[in-house]
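Reader: I would like a close look at a single part of this model. Please take it step by step and explain the terms.

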Amino acid sequence: MMIEKQVYLLLTNTSSFLTKMIRLYTKKPYNHASIAFDGQLSEVYSFGRKTARNPFIGGFVKEDVKAGLFKQADCMIYSITVTEDQIQKMKHYLREFEAQKKDYRYNFLGLFGVMFNKPIKRQNAFFCSQFVAFLFKESNIIDFDKPLPLITPHDLQTASQFQFLYEGKLKDYPRVDKVNKVILPFDFVSIRRFPV
């Protein structure tokens, strides 16, 4: 019997300077993409800023969605069903990124490639949605119809394999207690929930 599991796509708007600049071009509400391996978002990865003070020092990061710019972020969360083999492939790539994270940097030039629809692939450099798309493609989960250096967060959320779960303040996303029972915010039923 094949065991199926869930992986999560997290899209955020942190209202940082860089996010605002990207949003001026994309006109989309969410311009940062991350991948999570648990519904509690305790294991979240992306390419982003390495230090809180400087958005231009970026690379592979494990993100703490309860801290920093994420504290007041708006978000959309999706899930996708994957096999155990696919999860193991993704985690294999993540271990490689983690082991060599000093060699990886943020693909700022790639953002200009998106603007001009000209893929700019740089060695050991990704921007957030390019990284997430890479994991999904290389793990045989989603085969995108355009080059990975052109994939935007919006492209990810419109992939048909994703199931919409939640939209609202990231801090209001349902938490999990010590015995893994979901604790819903009081106003959970009023949170915007609709398909893309």
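Is the crossing of α2 and α4 left-handed or right-handed?

Author: The crossing of α2 and α4 is right-handed; that is, the near helix is turned clockwise from the far one by less than a right angle, whereas anticlockwise would be left-handed. This is a predicted model, in which local features need pLDDT of at least 70 and side-chain atom pairs count only at pLDDT 80 or more, while totals for chains, interfaces and linings use all residues. Residues are numbered from 1 along each chain as its sequence is written, and side-chain values use heavy atoms, with hydrogens and water left out.

Helices here are DSSP runs of H or I with at least four residues, and strands are runs of E with at least two, numbered from the N terminus. Helix α2 covers residues 84-99 and helix α4 residues 128-138; their axes come within 8 Å and cross at roughly 135 degrees. That makes α2 oblique to α4, because angles under 35 degrees count as roughly parallel, over 145 as roughly antiparallel, 65 to 115 as roughly perpendicular and the rest as oblique. Axes are lines fitted to C-alpha atoms, for helices over the stretch in contact, and angles run from 0 to 180 degrees between N-to-C directions.

From α2, the contact (heavy atoms within 4.5 Å) is made by Lys89, Met90, Tyr93, Leu94 and Phe97. On the α4 side are Phe131, Phe134, Leu135, Phe136 and Glu138. By class, this contact has 8 nonpolar, no polar and 2 charged residues. Ala, Val, Leu, Ile, Met, Phe, Trp, Tyr, Cys and Pro count as nonpolar, Asp, Glu, Lys and Arg as charged, and the others, Gly among them, as polar. As for the setting, the protein chain has 5 helices and 10 strands.
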